[in-house]
Amino acid sequence: MNILVVAAHPKLENSRANRALLDAIQGIENVHVHDLYKEYPNWHIDVKREQERLLGYERIVFQFPFYWYSCPPLLKKWFDDVLVRGWAYGPDGNHLKDKEFMVAITAGGSENGFRAGGDNRFTISELLRPIQATLTHCKGEFLPPYAMYDADRLTPHQFREQAERYAEHIQAGVKQLAR
Ligand SMILES: Cc1cc2nc3c(=O)[nH]c(=O)nc-3n(C[C@H](O)[C@H](O)[C@H](O)COP(=O)(O)O)c2cc1C
């Protein structure tokens with residue numbers, strides 16, 4: 001299975017968490033990383049090229065740091081520009097039908113905080129619903145997300161452990177992920 005990781009971090013040079021995740025998947029044969037902020041420093045997204053790129057992959061992973069319960073703005077622009085009516089949804093908009101989509105986030109908050117009554121009040125799955133709704137509107141399958149919590153305070157060893165878990169998660173089969 002060909003996997004595309006669409007990575008969106010506005011300052012990857014200062015990142016520890018997302019860097020660790022990207023390092024862990026570097027060199028895996030069927031996994032290709034597409035760094036949005038590197039590709040589009042001027043934010044002029046080449047829509048045709050992005051759409052053509054998506055066609056070559058069965059699974060697409062959106063990897064980003066959680067910013068105000070959402071994704072960094074260039075990824076939101078990518079959704080707005082690339083997932084257009086007549087291509088991604090609506091009449092003849094079947095190009096993403098049955099593709100597998102996944103979100104991989106790093107969050108500063110602790111896992112315990114992401115629940116009713118916790119600091120962040122909602123679960124990660126609840127907070128990712130707008131992205132889930134977007135991708136399922138495009139007839140894709142939305143797989144269980146990967147999340148790294150406490151992403152600003154892990155030790156180098158913990159980053160490596162989390163990154164190994166990430167490499168396994170993005171390559172896992174649908175049934176394995178559902179368990
Ligand atoms: C603008 C901004 C907004 C953030 N919002 C959240 C948030 O809503 N929830 C959360 O858990 N962490 C939040 N954080 C913390 C980041 O998710 C965390 O610093 C990041 O995942 C660490 O990854 P990195 O080392 O790759 O930068 C925010 C950080 C910034 C800079």
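A residue is counted as near the ligand if one of its heavy atoms lies within 4 Å of it. In this predicted model, 17 residues surround the ligand, and those that come nearest are His9, Ser15, Phe66, Thr106 and Asp152. Sorted by class, the shell around the ligand comprises 9 nonpolar, 6 polar and 2 charged residues.

Polar contacts to the ligand come from side chain and backbone alike. In the side chain of Ser15, an N or O atom is 2.7 Å from an oxygen atom of the ligand. The backbone of Ala17 contributes an N or O atom that lies 2.9 Å from an oxygen atom of the ligand. For Tyr69, a backbone N or O atom likewise lies 2.9 Å from a ligand oxygen atom. The ligand taken alone exposes 640 Å², and 74% of that area is buried by the protein.

Attention now turns to helix α1, which spans residues 17-25 and contains Arg19. Is Arg19 buried, exposed or partly exposed? With a relative accessible area of 31%, Arg19 is partly exposed, because the partly exposed class lies between the limits of under 20% for buried and over 50% for exposed. When neighbours within four places in sequence are left aside, the contacts of Arg19 are with Leu12 and Gln26. Val5 stands 14 residues from Arg19 in sequence, and the C-alpha atoms of the two are 13 Å apart in space.

Helix α3 covers residues 47-55, and its buried residues are Glu50, Gln51, Arg53 and Leu54. These residues lie on the same side of α3 because they cover an arc of only 160 degrees around the axis. The other side of α3 carries Lys48 and Glu52, which are exposed. Which elements do the buried residues of α3 pack against? They pack against the strands β1 (3-7), β2 (31-35) and β3 (59-65), and against the helices α2 (36-39) and α4 (73-82).

The last of these, helix α4, can be read in the manner of α3. Its buried residues are Leu74, Leu75, Trp78, Phe79 and Val82. They span an arc of only 150 degrees around the axis, so they fall on the same side of α4. The cover over the buried residues of α4 includes β1, α2, α3, β3 and α6, the last of which comprises residues 129-137. Helix α3 is thus among the elements covering the buried residues of α4, just as α4 is one of the elements against which the buried residues of α3 pack.

Terms used:
Residues numbered from 1 in each chain as written. Predicted model: local features only at pLDDT ≥ 70, side-chain atom pairs only at ≥ 80, totals over all residues. Heavy atoms only, no water. Buried < 20%, exposed > 50% of the residue type's maximum accessible area, 1.4 Å probe, protein only. Helix = DSSP H or I, 4+ residues; strand = E, 2+ residues; numbered from the N terminus. Arc of directions from axis to C-beta. Contact = heavy atoms within 4.5 Å. Polar contact = N/O pair within 3.5 Å; in protein donor to acceptor, adjacent residues only side chain to side chain. Areas by Shrake-Rupley, 256 points an atom, 1.4 Å probe, with all protein chains shown as cover. Nonpolar A, V, L, I, M, F, W, Y, C, P; charged D, E, K, R; others polar.
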